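The following paragraphs walk through a single structure, beginning with its pocket and moving on to the pairs of charged side chains. Please keep the sequence and the coordinates at hand while reading.

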Amino acid sequence: MSKGLLISFEGIDGAGKTTQIKTLACALEDQGYKVSTLREPGGTDISESIRDLLLDARNQINPMAEAMLYAAARAQLVQDVVRPLLAQGTIVLADRFIDSTIAYQGYGRGLSIEGLHQLNHLATGGLQPDLTILLDILPESGSRRRQGSLFDRIEQEGLAFQERVRQGYLEMARVMPRIRVIDGSLPVEKISDIIIDVVTRFLKGDLRVES
Ligand SMILES: Nc1ncnc2c1ncn2[C@@H]1O[C@H](COP(=O)(O)OP(=O)(O)O)[C@@H](O)[C@H]1O
Ligand SMILES: [Mg+2]
């Protein structure tokens with residue numbers, strides 16, 4: 001493989017993104033692929049500093065400033081990390097990417113969806129995931145799974161906010177063929193099997209995505 005592949009994982013908090021990325025990374029490494037995983041916001045020194053600002057529950061950040069901070073963290077990550085990895089032929093697994101901006105700041109906070117697409121485009125230089133795994137669960141389930149952990153600034157927004165984000169994701173999946181929706185309420189192993197099947201077939205070129 002001369003050029004890598006960017007696979008993003010999306011879904012509300014507790015959907016199972018981090019869990020599934022770990023399993024997929026191991027499965028792909030076993031198949032002989034070079035794999036890197038990274039999380040958003042984060043992945044560079046600057047981006048991790050921005051992450052601290054964004055997730056600190058004491059900070060009051062207005063929605064546009066929030067969107068731009070995510071975009072700034074992403075710009076740094078794409079430039080310094082993602083593009084070089086892709087150029088080396090690595091499969092990059094991203095725990096959140098551009099769709100989170102549309103879902104959270106657009107559908108969740110109510111900023112202009114069109115404006116956010118432009119912001120994403122500026123931040124990434126037009127880089128889009130080749131494939132996106134959307135893990136879909138009810139906000140109640142997500143929040144139940146995360147009971148006992150400290151909630152960050154975004155997680156504290158409540159169930160109505162999470163439901164707007166969830167519906168936003170589903171709407172995007174209806175119009176963007178690269179986004180594959182998987183029922184996140186299934187058992188962990190079942191979801192892993194589905195994801196490995198989807199990604200393996202994508203890598204073989206069996207699944208064509210036109211976006
Ligand atoms: N399919 C599943 N069924 C039940 N619990 C799950 C499932 N997937 C993940 N979990 C659990 O739910 C919690 C949140 O999962 P995580 O992968 O961290 O979600 P996310 O990264 O999307 O926020 C973890 O405690 C994890 O073990
Ligand atoms: Mg996670």
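In this predicted model, the largest pocket holds about 530 Å³ of space. Its lining is made up of 25 residues, and those that lie nearest the centre of the pocket are D13, K17, R51, D95 and R96. Four elements, namely α1, α2 (45–55), α3 and α4, each give two or more residues to this lining, and α4 gives the most, with 4 residues. Sorted by class, the lining of the largest pocket comprises 12 charged, 7 polar and 6 nonpolar residues.

Side chains of opposite charge can pair when their charged atoms come close. A search of the whole structure for such contacts returns 13 salt bridges. One of them involves two of the residues nearest the centre of the largest pocket, D13 and R96, whose side chains meet in a salt bridge with an N to O distance of 3.5 Å. Because R96 sits in the loop between β3 (91–95) and α4 (98–108), while D13 sits in the loop between β1 (5–10) and α1 (17–30), this pair ties together parts of the structure that are 83 residues apart in sequence. Both partners, R96 and D13, are buried.

Helix α4 takes part directly in another salt bridge, since D99 lies in that helix and its partner R178 lies in the loop between α7 (159–175) and β5 (179–183), so that parts 79 residues apart in sequence are tied together. The side chains of R178 and D99 meet at 2.8 Å, N to O, and here, too, both residues are buried.

How far apart are the closest N and O atoms in the salt bridge that E66 forms with R109? The separation between these atoms of E66 and R109 is 2.9 Å. E66 belongs to helix α3 (residues 63–87) and R109 to the loop between α4 and α5 (113–124), so this pair ties together parts that are 43 residues apart in sequence. The two partners differ in their exposure: E66, with a relative accessible area of 1%, is buried, whereas R109, at 22% relative accessibility, counts as partly exposed, because buried means under 20%. The contact between E66 and R109 also does not stand alone, as salt bridges that share partners join E66, R109, R153 and E157 into one network.

Notes. Residues numbered from 1 in each chain as written. Chains lettered and ligands numbered in written order. Predicted model: local features only at pLDDT ≥ 70, side-chain atom pairs only at ≥ 80, totals over all residues. Heavy atoms only, no water. Salt bridge = Lys/Arg side-chain N within 4 Å of Asp/Glu carboxyl O. Buried < 20%, exposed > 50% of the residue type's maximum accessible area, 1.4 Å probe, protein only. 1 Å grid on protein atoms, 1.4 Å probe; cavity = no way out; pocket = protein on both sides within 12 Å on 5 of 7 lines; lining within 4 Å. Points joined across faces, edges and corners; volume = space filled by probe spheres on them. Nonpolar A, V, L, I, M, F, W, Y, C, P; charged D, E, K, R; others polar.
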